[in-house]
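Biologist: Before we discuss the labels attached to this model, please display it. I should then like each label justified against its criterion.

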Amino acid sequence: MANGVLGKNDLSANTNTSVYTVPGGTYSVASVNICNRGSNTANIRIAIGASATPSNSEYIEFDVALAPNGVLERTGLVIGENQILICRSSEASVSAVAYGIETTLPA
């Protein structure tokens, strides 16, 4: 079981990026920070999906405008076994960091 930083990625523009996948036999309580390091406003999407290509019903943020040097934070995300935290940005120079704790599923 991990705790602290669970996953991180420098997002490519207009590309779904798997930031963190919950291992089998566990679930996670996590937060995700999206940081816009660039000089343009970025539209941000965040999903918790069953695959790396989220369906419309799996988005928890969709095209949220993130100003240059801004941060978008989502906390208290309970992510199930084998689910994937997926982030997307309309711009490059945006990073995503997931942090939290993994817990073993009850028997």
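Biologist: In which strand is Ser-95 found?

Modeller: Ser-95 belongs to strand β8. A strand here is a DSSP run of type E with at least two residues, numbered from the N terminus. The model is a predicted one, in which local features need pLDDT of at least 70 and side-chain atom pairs count only at pLDDT 80 or more, whereas totals for chains, interfaces and linings use all residues. Residues are numbered from 1 along each chain as its sequence is written, and side-chain values use heavy atoms, with hydrogens and water left out.

Biologist: Why does Ser-95 count as buried?

Modeller: The term buried is reserved for a relative accessible area under 20%, exposed for over 50%, and partly exposed for values in between (1.4 Å probe, protein chains only). The relative accessibility of Ser-95 is 18%, so this residue counts as buried.

Biologist: What makes the approach of Ser-95 and Arg-37 a polar contact?

Modeller: The criterion is a pair of N or O atoms within 3.5 Å; within protein, one must be able to donate a hydrogen and the other to accept it, and residues adjacent in sequence count only if both atoms are side-chain atoms. The side chains of Ser-95 and Arg-37 are joined at 3.5 Å, and the pair therefore qualifies as a polar contact.

Biologist: Why is the pairing of Arg-37 with Asp-10 called a salt bridge?

Modeller: The term requires a side-chain nitrogen of Lys or Arg within 4 Å of a carboxyl oxygen of Asp or Glu. Side chains of opposite charge can pair when their charged atoms come close. For Arg-37 and Asp-10, the closest N and O atoms are 3.2 Å apart, and the pair forms a salt bridge. Arg-37 sits in the loop between β3 and β4 (42–49) and Asp-10 in strand β1, so this salt bridge ties together parts that are 27 residues apart in sequence. Both residues are classed as partly exposed, Arg-37 at 42% relative accessibility and Asp-10 at 46%.

Biologist: How many salt bridges does the structure hold?

Modeller: There are 3 salt bridges. One of them joins Asp-63 to Arg-45, with the closest N and O atoms 2.8 Å apart. It links Asp-63 in strand β5 (residues 59–66) to Arg-45 in strand β4, distant parts of the chain 18 residues apart. Another is formed by the side chains of Arg-74 and Glu-61, at 2.9 Å from N to O. Here Arg-74 of strand β6 is linked to Glu-61 of strand β5, 13 residues apart.

Biologist: Is Glu-61 buried or exposed?

Modeller: Glu-61 counts as buried, because its relative accessibility is 16%. Arg-74, by contrast, has a relative accessible area of 25% and is partly exposed.

Biologist: Why is Gly-76 exposed?

Modeller: Gly-76, in strand β6, has a relative accessible area of 53%, so the term exposed applies.

Biologist: How do you know that β3 and β8 pair, and what is the sense?

Modeller: Two strands pair if DSSP finds at least two bridges between them. Strand β3 (residues 26–36) and strand β8 (residues 94–104) share 11 bridges in the antiparallel sense, so the requirement is met. Among the bridge partners are Ser-31 and Tyr-99 of β8. β3 also pairs with β6, antiparallel over 7 bridges, where Val-29 has Val-78 as its partner.

Biologist: What is the order of the open sheet that contains β1?

Modeller: The order of its 4 strands is β1-β8-β3-β6, with antiparallel pairing. β1 (3–11) and β6 (71–79) are the edge strands, since each pairs on one side only.

Biologist: Why are β2 (17–21) and β5 said to stand at the edges?

Modeller: They belong to another open sheet of 4 strands, ordered β2-β7-β4-β5 with antiparallel pairing. Each has a single partner strand, so one side of each is left without a neighbour in the sheet.

Biologist: What makes Val-29, Val-78 and Ile-101 a nonpolar patch?

Modeller: Patch members have over 30% relative accessible area and no salt bridge; like charges are joined within 9 Å, and nonpolar side chains (Val, Leu, Ile, Met, Phe, Trp, Tyr) within 5 Å. Ile-101, in strand β8, is partly exposed at 40% relative accessibility, which satisfies the area criterion. Together the three residues offer about 240 Å² of accessible area, calculated by the Shrake-Rupley method with a 1.4 Å probe, where only the protein chains shown count as cover for residues.
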